[in-house]
Amino acid sequence: MAGHVLVIGDVMTDIVVLPEGPIVHGTDRRATIRRMHGGAGANQALWLAAEGAEVVLVAKVGAGDTETLSAHFAARGVTPKLATDDALPTGTLICLVDADGERSFLTDRGANTALAAQDLPASLLDGVSLLHVSAYALVERGPRAAVLSLMAAAHKRDIPVSLDPASTGFLEEIGPVEFRSWTRGAQVFFPNADEAQRLTGKADTDDQVADLLKDYETVILKKGAHGAILAHRDGTRIARAARPVTAVDTTGAGDAFAAGFLAASTRGAPDADALDAAIEAGAKAVSKIGAQPESAS
């Protein structure tokens, strides 16, 4: 598939906290604390570049961070098109990581909430082979309208759209009916198990996939340590086990997984091979602290 991947989504500063034991209310607990680059859109763009794709990232950041963040992305193979906000800072996320690698978040989305139509002109689609959207960009009304308009323009130009639903917490706020009505028609959809259950109201994996295929042409269900399932409307179904790995930090694993699949797919890899690439990228992500690859090839 010729052309580059256009990624729309958040850029964040992640404060990753790995306590040495349970947090005790009202007193200290030793911890490893790291300040790192993050944001689902940023993570996905950098993992795509690390997997060999040509990538453009569009997002909004605080004005004081534009130069530093642009250099960060460019040095790792991503072309940054960062809009800036003079009033709001770059978004910040505090990530608390449990002993088993699972994480919980406290999120201030900052400048991401100000992404607007003027930041997403239709000309961004020129030369694009795939538009990938992190649904964090759909949370607030203003960014949502701008992103959905760009998605509609991509559909009119027969540019495929892939979508990651992003967060069960935000899906609770939005509601599954509204979310699915906004995003219906995306060619590739990357829910995890919790998101699939929230969006369908169904507990059984087969039922979840069948239901989601009503709105999305291809559903790739991320099941963490239980692997992944790819299903097409034409009845194609591929399942893969997870690769055994010691989980250090699961932050960004889903972003890496989606990027691994999309990078392979845009190179023309068969679905089975692209799913293998996704599993491998996810395994790389959980074996280190932080949501982004250490370097891009």
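## The strand pair β12–β13

Ala228 stands opposite Arg240 in β13. The two strands involved, β12 (residues 228–232) and β13, pair in the antiparallel sense over 4 bridges; pairing here requires that DSSP finds at least two bridges between two strands. Strands (E, at least two residues) and helices (H or I, at least four) are DSSP runs, numbered from the N terminus.

A word on the source: this is a predicted model, in which local features need pLDDT of at least 70 and side-chain atom pairs count only at pLDDT 80 or more, while totals for chains, interfaces and linings use all residues. Residues are numbered from 1 along each chain as its sequence is written, and side-chain values use heavy atoms, with hydrogens and water left out.

## Two open sheets

β13 belongs to an open sheet of 9 strands with mixed pairing, in the order β5-β4-β1-β8-β9-β10-β11-β12-β13. Its edges are β5 (78–85) and β13 (237–240); each has a single partner strand, so one side of each is left without a neighbour in the sheet.

Next comes an open sheet of 4 strands, again with mixed pairing, ordered β3-β2-β6-β7. Here β3 (31–38) and β7 (103–108) are the edge strands with a single partner each, so each has one side without a neighbour in the sheet. From one strand to the next, the twist averages 20°. β2 (residues 12–19) and β3 pair in the antiparallel sense over 8 bridges, and Val16 has Arg34 in β3 as its bridge partner.

## Helices lying on strands

Now for the helices that lie across strands, where contact means heavy atoms within 4.5 Å. Helix α3 (residues 141–156) lies across β1, β8 and β9, and runs at about 150° to β8. Such angles run from 0 to 180 degrees between N-to-C directions, and axes are lines fitted to C-alpha atoms, for helices over the stretch in contact.

Helix α1 lies across β1 (4–8), β4 (55–62), β5, β8 (128–134) and β9 (161–164), at about 150° to β4.

## Helices packing on helices

α1 (residues 40–50) also meets α8: their axes come within 8 Å and cross at roughly 40°. That makes α1 oblique to α8 (under 35 degrees counts as roughly parallel, over 145 as roughly antiparallel, 65 to 115 as roughly perpendicular, and the rest as oblique). In this contact, Ala40, Asn43, Gln44, Trp47 and Leu48 of α1 meet Asp255, Ala256, Ala259, Leu262 and Ala263 of α8.

α8 (residues 253–266) packs with α9 (residues 271–286) too, at an angle of about 150° and with axes 7 Å apart. The two helices are therefore roughly antiparallel to each other. Residues that α8 brings to this contact include Phe257, Gly260 and Phe261, and those from α9 include Leu275, Ile279 and Val286.

Elsewhere, the axes of α5 (residues 176–183) and α6 (residues 193–200) come within 8 Å and cross at roughly 100°, so these helices are roughly perpendicular to each other. Pro176, Phe179 and Arg180 of α5 make the contact with Arg198, Leu199 and Thr200 of α6.

## The whole fold

Altogether the protein has 9 helices and 13 strands. Its radius of gyration (taken over C-alpha atoms) is 18 Å, close to the 19 Å that the globule rule (2.2 Å times the number of residues to the power 0.38) gives for 297 residues, so the protein is as compact as a globular protein of that length. The C-alpha trace spans about 55 × 45 × 40 Å along its principal axes.
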